[in-house]
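Trainee: I am new to this structure. Please show me how to read it.

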Amino acid sequence: MKILIIIPARGGSKGIPRKNLRSLAGKPLIYYSIKTAIASTYSPDVYVSSEDEEIVTIAKKLGANVHRRNPQISKDSTTLDPVIYQAYCDISESVRTKYELIITLQATSPLLRTHTLDKAIEMIAANAGIDTVIAARDDTHLTWTKESGRYLPNYKERVNRQFLKPTFRETGAFLISRSSVISENNRIGDNVELFLLDGGEEIDIDTFEDWNLCEYFLRRKKILFVVSGYHEVGLGHVYNTLLVANDILDHQINFLVDKKSGLAKEKISLRNYDVQIQKNDELLEDVLDINPDIVINDILDTTPEYIRGLKNAGIRVVNFEDLGEGAKYADLVINAIYPEDVALPNHYFGADYFVLRDEFVLTPQKYVQPLVKDVLLTFGGVDPNNFTEKVLKSLHSYCLKNNIRINIITGFGYTQYQSLAPFETVTIYKDTSRISDLMSAADLIFTSAGRTVYEVAALGVPAIVLAQNEREMTHFFASEQNGFVHLGLGTNLSGDSILEAFRSLAESFCRREQMVAAMRKIGLRSGRQRVQRLIKKELEEI
């Protein structure tokens, strides 16, 4: 089809002076409609109709053709019908082309996407019975009118919005007409279809408030968190990325988990984030299908091929806890848990960059008590080796004899409750949101060497650590220097050695005081702000 797109752009805007040329997110307002029109797969002829020389000059530089509008139809009172008709007639005669569709595309709808415009063109092109397609938005609400000085409702009874008679409002984004219905005073035929817009595309700039809203949407980036979380690696990566995502309010956020991470998908879905699971053979293919502006990986060791694939697609890359060769090619790497042997640019590691949850930031540090009355067992979201049962078996008799209460926190992915059934005197908290309160109430904590040790240190509670696997043995934080008793790889420990470590610590008030003093020297409560600033800087580079 031969299609003509006319972008009317008068120079004398009153509401927002010089509106069509004012800078919106770094580009003149008219840039967006021209870009949208030119990119159409229907290859339309794109013209800007204006009486203003500056607008004409800018339109040419942006790649549009120009139609010089008669000043007599460039007044405040002039409607668009004669403007579009004159432009259509002049252009058709000038280029000697018989256009089938005439599209009015307004510069005041900068968020309109080319894909949406093409879908609207497809609607009218595929149905000869449609004369006109108009961009509109659902505007169904309880509305009123005024007659003879009185306000009267436009509804018969007050019901919820979904039960009202639907009403729709034109957005002004586009009006597509067959040339057969165009006249000096009309662009709308008998058979009209509305094309409903949402997601920001429906915004039409009339006020400075509209302008600010468009500015927000145009600066908004698509952030994709790529995360692993399954039985063997636990859910620490999931909790970390959920915290980081929670601090990002002005960008679009999506999650992608790898094929093995159904557990992670389930947990993320509970927080109402958009989350997908890997479909293609290569994770990179799924990321490219989503087409984000920036990818934040928390998937442990990345490969050079994966990171270079992202970079070649123009995607900015941030990695958490990455010791793989791919980390060398990322724009930013944050390793709060793992040490790095060689200092690399844009790599930040150590406890200063741990992302601490609000509940731990807001919970006061604990004072050491002379007697151990409460012990807490918490081994992460999954506890793959069931250290909960192993430690419980080791301590149970001693705690009963000495009137020490045992509390247990089990995570979202823990399944081995049957093994805990014989221990009737313990209290189990399943996937609780009160972790900081339970930790703060404890006099001594047993945990693994993951993220929980940072939370323990933030509260200042003496703790004994059992590493779940060899990788956790490389976590440098859970050390004597930072106030922990680290027993090593938990699978190698006997019940007697666990009991002896606990008994020795429980019976030494002085040693527990020293442990807490070491923890209080660590500045964990500012790490989250540091990470926020680093990610914000990366977003500003896009």
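The turns below take up a helix, a sheet and a surface patch.

Mentor: This is a predicted model: local features need pLDDT of at least 70, side-chain atom pairs count only at pLDDT 80 or more, and totals for chains, interfaces and linings use all residues. Residues are numbered from 1 along each chain as its sequence is written, and side-chain values use heavy atoms, without hydrogens and water.

Trainee: Is helix α1 largely enclosed or open?

Mentor: Buried means under 20% relative accessible area, exposed over 50%, partly exposed in between (1.4 Å probe, protein chains only). Helices (H or I, at least four residues) and strands (E, at least two) are DSSP runs, numbered from the N terminus. Helix α1 spans residues 29-38, and 7 of its 10 residues are buried, so the rest of the structure largely encloses it. Among the buried ones are L29, Y32 and A37.

Trainee: In what order do the 7 strands of the open sheet run?

Mentor: Two strands pair if DSSP finds at least two bridges between them. The order is β5-β4-β1-β6-β10-β7-β11, with mixed pairing. β5 (65-68) and β11 (192-196) stand at the edges; each has a single partner strand, so one side of each lacks a neighbour in the sheet. Inside the sheet order, β1 (residues 3-8) and β4 (residues 45-50) pair in the parallel sense over 5 bridges. P8 stands opposite S49 in β4.

Trainee: Which strand gives the most to the nonpolar patch?

Mentor: β11, with 3 residues. L194 is found in this strand, β11. At 34% relative accessibility, L194 counts as partly exposed.
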